[in-house]
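This briefing is addressed to a reader who has the sequence and the coordinates at hand. Its topics are aromatic contacts, salt bridges, strand pairing and the surface.

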Amino acid sequence: MTMAAFGTVFMPQMIQARFADNLWSESALVPSDKIELHAGAHVLHYSSTCFEGLKAFRHEDGSVYIFRMDANIARMKQSSKLLNLPDFEESMLEQMIKDIVKEYADETPTPPGSMYIRPTHIGTEAAIGKAAAPSMSSLLYVLLSPVGDYFSGGATALRVLLEKDGMRCAPHMGMVKSGGNYASALGPILEARSEHQADQILFCPGGDVQETGAANFILIDGDEIITKALDSTFLHGVTRNSILTIAKDLGMTVSERNFTVSELLERAAKPGTEAALSGTAAVLTSVGTLIHNDQEFKVGSGEPGEKVAKLRQALNDIQWGKSADTHGWLTKV
């Protein structure tokens with residue numbers, strides 16, 4: 001079965017709740033093809049918006065499980081707080097996600113597909129004078145989209161441009177999963193595709209290796225997996241955390257630390273070195289070529305890596321119910 005482009009097909013209903021007068025409404029199923037907003041809504045003028053991305057998976061017995069919902073809800077709650085959007089109880093969003101996934105459980109694709117879940121929180125107060133004040137009302141909703149692979153190139157390793165002069169977003173916004181961060185990275189990404197046929201940009205301000213426009217970056221040198229240490233400048237990926245946990249389970253050494261473009265290129269030149277992008281959509285996808293100063297550098301062989309494939313498969317096996325969920329990551333709906 002050929003899947004439509006990632007994230008372009010939606011279930012006909014979503015679930016939503018509204019915050020007004022210091023109270024959250026009861027959640028309700030509504031059509032997913034429209035929302036009602038005043039033209040002066042805070043989100044449309046001052047970008048008071050955050051979202052999450054997580055997935056539900058169908059197991060062989062037909063049951064459906066959501067992967068690491070608690071971590072995504074906690075991160076969305078954090079994003080809402082950092083954007084000064086109205087607070088919500090984690091249990092409320094958890095129940096909303098369970099309810100909408102259960103409603104469309106029969107539509108959840110079989111492996112390697114999944115049901116992508118997109119909770120979104122936006123400021124709705126009609127107040128264009130509030131450039132320096134938060135929205136006092138908001139809309140929280142959850143969309144569903146049946147998906148296949150995020151990158152359409154299949155088993156081909158990605159080409160990534162190293163960008164030393166720019167940043168993906170303002171440093172204090174790195175931990176927030178907000179649309180503005182993706183919008184600010186879009187121009188450089190499109191330029192990289194046009195000029196270098198790159199799939200993504202790896203932002204390395206001042207030579208410090210950080211993340212790409214839509215995923216975290218990891219480097220694998222032998223049995224060591226290296227990735228930037230967590231700070232406020234980049235997104236704390238749930239898939240990143242899952243991969244690092246699995247790597248430790250497999251006996252690999254995990255080094256969360258700062259590393260430079262020079263170290264990256266030096267290690268990439270070694271035979272057997274691998275690199276990958278990690279994210280809910282990308283899962284774990286090999287990087288085969290790094291582009292720097294108009295030169296191309298292969299990562300190891302330049303082909304999809306065996307260790308990346310092993311880590312991805314180990315993650316998928318947990319998600320698809322083919323191996324034990326020893327970390328309690330799955331929630332049955």
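Four aromatic pairs are found when the whole structure, a predicted model, is searched. One of them joins F51 and Y182 in a tilted arrangement, with 5.5 Å from centre to centre and 45 degrees between the planes. This pair connects distant parts of the chain, since F51 belongs to strand β4 (residues 49–51) and Y182 to helix α4 (residues 179–196), 131 residues apart.

**Aromatic rings and their surroundings**

- F51 has a relative accessible area of 10% and is therefore classed as buried, the limit being under 20%.
- Y182 has a relative accessible area of 23%, which places this residue in the partly exposed class.
- The ring of F88 is also in contact with a charge: the charged end of K77 sits over this ring, 5.5 Å from its centre.

**The salt bridge of K77**

- K77 takes part in a salt bridge as well, its side chain meeting that of D87 at 2.7 Å, N to O.
- The two partners are ten residues apart and come from distant parts of the chain: K77 is in helix α2, while D87 is in the loop between α2 (69–82) and α3 (90–103).
- D87 counts as exposed because its relative accessibility is 52%, and the class begins over 50%.
- K77, with a relative accessible area of 22%, is partly exposed.

**Other salt bridges**

- The structure contains 14 salt bridges.
- K34 and D33 form one of these, with a distance of 3.5 Å from N to O.
- Both residues of the K34 and D33 bridge are exposed.
- D221 and K270 form another, in which the closest N and O atoms are 2.8 Å apart.
- The bridge of D221 and K270 links distant parts of the chain: D221 lies in strand β11 (residues 216–221) and K270 in the loop between α6 (261–268) and β14, 49 residues apart.
- D221 is buried because its relative accessibility of 12% falls under 20%.
- K270 is partly exposed, with a relative accessible area of 38%.
- D221 and K270 also belong to a network of salt bridges that includes E224, R257, E263 and R267.

**Strand β15 and its partners**

- Strand β15 covers residues 283–292, and ten of its ten residues are buried.
- Strand β9 (residues 158–163) pairs with β15 in the parallel sense, over four bridges.
- Within the pairing of β9 and β15, V160 stands opposite L290.
- Strand β14 (residues 274–279) runs antiparallel to β15 and is joined to it by five bridges.
- G279 has V283 in β15 as its bridge partner.
- Three residues lie between β14 and β15, and the two strands form a hairpin.
- Strand β16 (residues 295–298) pairs with β15 in the antiparallel sense, over four bridges.
- T289 has K298 in β16 as its bridge partner.
- The hairpin of β15 and β16 has two residues between the strands, and N293 adopts a positive phi near 50 degrees there.
- In a regular strand the side chains alternate between the two faces of the sheet.

**Nonpolar residues at the surface**

- I35, L37 and L44 make up a nonpolar surface patch, with about 240 Å² of accessible area together.
- L44 is located in helix α1 (residues 42–46).
- L44 is exposed because its relative accessible area, 52%, is over 50%.

**Helix α4 and a distance across the model**

- L190 is placed in helix α4, the helix that holds Y182.
- L190 is partly exposed, with a relative accessible area of 45%.
- The C-alpha atoms of L190 and K270 are 30 Å apart in space, and the two residues are 80 apart in sequence.

Note on methods
Residues numbered from 1 in each chain as written. Predicted model: local features only at pLDDT ≥ 70, side-chain atom pairs only at ≥ 80, totals over all residues. Heavy atoms only, no water. Patch = residues over 30% accessible without salt bridge, like charges linked within 9 Å, V, L, I, M, F, W, Y side chains within 5 Å. Areas by Shrake-Rupley, 256 points an atom, 1.4 Å probe, with all protein chains shown as cover. Salt bridge = Lys/Arg side-chain N within 4 Å of Asp/Glu carboxyl O. Buried < 20%, exposed > 50% of the residue type's maximum accessible area, 1.4 Å probe, protein only. Pairing = 2+ DSSP bridges. Phe/Tyr/Trp six-rings, centres within 6.5 Å; stacked < 30°, edge-to-face > 60°. Lys NZ or Arg CZ within 6 Å of the ring centre and 35° of its normal.
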